[in-house]
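Please consider the predicted model shown below. The account that follows turns from confidence to a helix and then to the ligand.

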Amino acid sequence: MAPAGAFRHLSLALGAAVAVLGSLILIAWKLYFRDADDSSVGWRERWEQQLRAELELSTPNGEEPHPCECQVLVLGLDGAGKSSILHYISSVEAKKHLAPTQGFNSVQLQTSGLQMDFLEVGGSKNLRSYWNQYLSKAHILVFVVDSADGSRLSTARQELHCLLAEELQLPLIVLANKQDKTDALSVAELHEGLALHTLDNQREFFLLPTSATYAGLATPNSVLHLKNLLIKLLTRN
Ligand SMILES: Nc1nc2c(ncn2[C@@H]2O[C@H](COP(=O)(O)OP(=O)(O)OP(=O)(O)O)[C@@H](O)[C@H]2O)c(=O)[nH]1
Ligand SMILES: [Mg+2]
């Protein structure tokens, strides 16, 4: 028979082993369920929390980031199609009847991180003297020409070159509008008629054919090319 002292030592050792094992099981249990609790939040929520935290770090005081505000000045002789183009660009819809602009017309367009403020100044003779006042604030000049109005092409050329002489660096987009008309001059003819070759290497400039009518919506002359070009030019830095 084993002595009573030996049983006492054995039962003490067994008790200690059970206590250690119990603690280990408890720790493992807690660790397992802590992770399980976290995963119940869902990866999407955790990802969003992390993103939010990073955004708060990058914008002091949690302020909304400021969008880039750019002014696009839209000029051209009366009837060239400035308002029609702005209407189309902002609503993706052509409008048949638009009243001549008696002063100004402004349209705001927001795309991610970019706010484009279009400002049209009417093209009638009495308003043209105000055109140059808006050049200094503009980031880009869009000059609209009625491609079917050959008789006023030289007037359009003179007005355009007067503006360009005042702002030597301003990027320029010339729109050869009304390309849907059968008597419309081609882009090459307008390049010549507007003496655009004199601008080569002087400033950044583009000549785009457009049509802002119902007939022109599905054609490659779509005004939406202008929108894409503007976004590209204004967001490149
Ligand atoms: N066929 C055709 N007609 C157009 C086009 N764009 C505009 N028009 C028409 O041309 C006329 C004048 O268009 P507007 O957009 O008012 O011209 P605007 O340049 O704003 O003229 P002002 O405001 O007077 O300076 C309207 O009857 C339009 O419907 C086009 O691409 N094709
Ligand atoms: Mg107008």
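Among the elements of the protein chain, strand S4 has the highest mean pLDDT, at 98, whereas helix H2 (residues 43-58) has the lowest, at 46. Over the protein chain, pLDDT averages 80, and 70% of the residues score at least 70. In two stretches the score stays under 50. One is residues 33-41, for which the model has 1 contact beyond four places in sequence. The other is residues 50-63, with 2 contacts beyond four places in sequence.

Helix H5 (residues 153-166) comprises 14 residues. From its first C-alpha to its last, H5 reaches 21 Å, close to the 20 Å expected at 1.5 Å a residue. Ala156, Leu160 and Leu163 are the residues to follow here, as they are buried in H5. Because these residues cover an arc of only 60° around the axis, they lie on the same side of H5. The partners against which the buried residues of H5 pack are strand S1 (68-75) and strand S4 (140-146). The face of H5 turned away from its buried side carries Ser154, Gln158, Cys162, Ala165 and Glu166, which are exposed.

The surroundings of ligand 1 remain to be described. Its shell consists of 24 residues, and the closest are Gly81, Ser84, Pro100, Thr101 and Gly123. Which helix contributes the largest share of this shell? Helix H3 (residues 82-91) does, with 3 residues. By character, the shell around ligand 1 divides into 13 polar, 6 charged and 5 nonpolar residues.

Key. Residues are numbered from 1 along each chain as its sequence is written. Chains are lettered from A and ligands numbered from 1 in the order in which they are written. This is a predicted model: local features need pLDDT of at least 70, side-chain atom pairs count only at pLDDT 80 or more; totals for chains, interfaces and linings use all residues. A residue is near a molecule or strand if its C-beta atom, placed from the backbone, lies within 6 Å of it. Helices (H or I, at least four residues) and strands (E, at least two) are DSSP runs, numbered from the N terminus. Ala, Val, Leu, Ile, Met, Phe, Trp, Tyr, Cys and Pro count as nonpolar, Asp, Glu, Lys and Arg as charged, and the others, Gly among them, as polar. The expected span of a helix is 1.5 Å times one less than its number of residues. A residue is buried if 20 or more other C-beta atoms lie within 10 Å of its own, exposed if 12 or fewer, and partly exposed in between; C-beta atoms are placed from the backbone. The arc is that of the directions from the helix axis to the C-beta atoms. Two residues are in contact if their C-beta atoms, placed from the backbone, lie within 7 Å. pLDDT is the predictor's confidence in each residue, from 0 to 100.
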